[in-house]
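Visitor: I'd like a close look at one part of this structure rather than a quick tour of everything. Could you pick a spot and walk me through it slowly?

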Amino acid sequence: MRTSASGRRIALLLWVLLGGLVLLLSSLWYFRWDLTADKGFSLSPLSLQLVEAVEEPLHITYYVSPELEDLYPHARNIKDFLRLYSSASRQVQVEVRDPVKEGLENSLLQQGVFGHQIQTTKGNSTQLVTVYSSIVLEYLNQVAVVPFVQTAESLEYELASRLLMLVEETGAWPVLLMAGNGLSVQDDYGDVVPWLEAAGFLPTVVTAEEFPLMEERLTQGEGLRIPLMLFGSSSLTGGQVDAIRRFVEAGGQLLAMTSAHTADLYDDWDVVPSQDKLLPVLASWGLELGEELVLDISCFRATFLSQEDNPVYEQVNYPLWIQALPQYTVEHPVSRRAFNLEFYWSSPITLMQLDAQPLVYTTPAAWLLPPELDREQPFVTNPFMVSQTASQAGQVASQYVLSALAPVEGGGQVLLIGSQYFLSTLLRQYTGSLGNLDFATKGILLLCGQDSLLELKNKASVTKGLHKMDQAQLEASRPRVLAVNLVLLPLSPALIALVVLLMRRAGGRFSVRFPATGGRDD
């Protein structure tokens with residue numbers, strides 16, 4: 001039977017309306033296909049496992065200020081990722097609120113959520129505006145907070161670490177912090193504690209005098225799962241070093257940032273060798289720190305006041321502050337895709353056992369500066385006098401280890417960073433480095449045995465945002481993205497119509513047999 005012209009027009013109109021309805025529903029119904037090869041924009045197995053373990057309503061509230069959304073479009077990425085989280089389970093409810101408009105500042109303050117000041121420019125005036133970008137998770141009368149999030153880059157790790165504490169009731173992972181070089185954790189390494197707290201840890205500062213008194217408790221049961229983060233070791237006594245040795249050899253975990261010399265941080269940067277009692281212990285574990293300073297052509301370029309009669313500010317490469325390049329980090333969960341790492345006045349690390357693993361190297365153009373013990377200042381550290389290359393220093397260029405990991409007989413592990421000022425607040429603020437804190441956080445995750453979260457941390461360093469990809473990801477995903485967006489989606493209404501038409505034309509050829517009625521065809 002032929003269809004009339006008016007019937008065809010009606011059918012065409014109906015298909016157009018159907019296509020418009022499909023597009024409308026697609027804007028209301030949230031869905032997304034991840035076409036990247038590594039599924040960088042999908043929930044990881046750990047996140048899916050945690051979401052599936054949610055048996056009661058999990059309420060996630062994103063407190064964000066409109067001013068922040070105007071300045072940083074990444075807030076859209078955060079909302080999208082939270083929607084992705086909620087789509088994985090009916091138990092997960094997501095809400096977005098403006099804390100200033102709703103007058104919630106005081107109540108958020110009680111939950112540990114603080115506003116952050118950012119600088120904005122309107123016309124010719126500049127002003128500071130207090131903004132919020134915080135996430136609060138509520139589950140079974142428990143509350144976990146992500147104090148401030150600016151991008152979606154590490155959001156999956158932040159959410160998973162909080163969910164792990166809420167759903168599995170593990171609580172924050174404890175970690176001990178101790179300064180063994182005469183400096184103060186609270187003052188000289190002041191941003192380490194809030195950084196670890198924001199990453200889901202429970203840091204506790206202990207003194208070198210307190211640690212031996214805690215040894216018996218730490219070397220038994222759950223105490224061995226509490227890692228020790230050590231900032232320098234030049235001031236430790238023999239008894240304090242023995243307590244650390246017994247802790248590690250009983251199965252304890254140690255992240256040691258130390259070197260064979262000390263620097264005058266707050267004056268003229270003079271560096272002198274130290275009589276450090278921990279160094280022989282580290283060597284017995286297979287990690288030997290050399291007495292030299294490491295220098296590298298990949299280094300921080302600093303601005304200093306020249307030493308001329310009429311001084312001016314000059315930019316000078318400072319090879320004693322090494323900037324580790326990503327291509328010279330080892331493919332290991334701690335060092336994988338490590339960026340913006342800086343090592344200040346570092347000692348070279350020699351691996352003395354086969355099981356020791358290097359994590360970070362210098363470039364092959366690095367060289368060593370041995371101490372001249374007969375001089376008042378054994379090392380030349382003046383930025384205007386330091387040699388800029390190995391040949392200029394009369395040394396042979398080579399490659400050296402700046403950080404390494406070694407197992408210790410008895411079950412312990414030592415992650416060594418050959419710079420005791422690696423997390424110095426003063427130096428990090430001066431150079432603007434954030435990579436050091438991230439590297440140390442991944443090291444603590446490894447020592448805590450949180451391998452799944454460590455993988456999420458590495459995934460976060462790859463995924464720059466739900467709407468941003470690096471060039472390699474873009475090129476790999478381009479064919480699939482184009483096929484879906486330019487072919488499959490636009491043609492989907494026509495494909496549906498074609499299928500229906502073919503089914504109608506073939507309708508008379510199909511028969512269904514009903515045995516109960518003697519095989520009547522219909």
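Guide: Let's look at two neighbouring helices and the aromatic pair between them, then visit a few other spots. Keep in mind that this is a predicted model.

Start with helix H9, which runs over residues 211-218. Which of its residues are buried? They are Phe211, Met214, Glu215 and Leu218. If you look down the axis of H9, those buried residues fall within an arc of 135°, so they line one face of the helix. Now turn to the face of H9 that points away from the buried side: there you find the exposed residues Leu213, Glu216 and Arg217. What covers the buried residues of H9? The cover includes strand S7 (173-179), strand S9 (228-231) and helix H10.

That brings us to H10, which covers residues 238-249. You can check its length yourself: at 1.5 Å a residue, its twelve residues should span 16 Å, and the end C-alpha atoms are indeed 16 Å apart, which agrees. The buried residues of H10 are Gln240, Val241, Ala243, Ile244, Phe247 and Val248. Seen down the axis of H10, they fall within an arc of 155°, so here too the buried residues line one face of the helix. After H10 comes Gly251, whose phi is positive, near 120°.

Now for the aromatic pair. A pair of aromatic rings is described by two things, the distance of the centres and the angle of the planes. The structure holds 16 aromatic pairs, and one of them is formed by Phe211 and Phe247: it is edge-to-face, with 5.8 Å from centre to centre and 85° between the planes. Phe211 lies in H9 and Phe247 in H10, so this pair ties together parts that are 36 residues apart in sequence. Are these two rings' residues buried or exposed? Phe211 has a relative accessibility of 1%, so it counts as buried, the cut-off being under 20%. Phe247 is buried as well, with a relative accessible area of 1%.

Tyr318 and Trp321 make another edge-to-face pair, with 5.3 Å between the centres and 80° between the planes. Tyr318 is buried at 0% relative accessibility, and Trp321 is buried at 1%. Both belong to one aromatic cluster, together with Trp269, Phe300, Tyr344, Trp345, Tyr421 and Tyr430.

Tyr344 in that cluster leads us on to Asn436, because Tyr344 is among the residues that Asn436 contacts beyond its neighbours within four places in sequence, and Asn436 is buried, with a relative accessible area of 0%. Asn436 sits in helix H13 (residues 435-448). What does its side chain reach? One partner is the backbone oxygen of Glu342, at 2.9 Å. The side chain of Asn436 also makes a polar contact with the side chain of Ser433, at 3.5 Å. Leaving aside those neighbours within four places, the residues in contact with Asn436 include Asn340, Leu341, Phe422, Leu423 and Arg428.

One last stop is the cysteines. Cys299 is buried, with a relative accessible area of 10%, and Cys448 is buried at 11%. How many disulfides are there? With a cut-off of 2.5 Å between the sulfur atoms, the count comes to zero.

Methods. Residues are numbered from 1 along each chain as its sequence is written. This is a predicted model: local features need pLDDT of at least 70, side-chain atom pairs count only at pLDDT 80 or more; totals for chains, interfaces and linings use all residues. Side-chain values use heavy atoms; hydrogens and water are left out. Helices (H or I, at least four residues) and strands (E, at least two) are DSSP runs, numbered from the N terminus. Buried means under 20% relative accessible area, exposed over 50%, partly exposed in between (1.4 Å probe, protein chains only). A polar contact is a pair of N or O atoms within 3.5 Å; within protein, one must be able to donate a hydrogen and the other to accept it, and residues adjacent in sequence count only if both atoms are side-chain atoms. Contact means heavy atoms within 4.5 Å. Rings of Phe, Tyr and Trp (its six-membered ring) pair if their centres lie within 6.5 Å; planes under 30 degrees apart count as stacked, over 60 as edge-to-face and the rest as tilted. The expected span of a helix is 1.5 Å times one less than its number of residues. The arc is that of the directions from the helix axis to the C-beta atoms.
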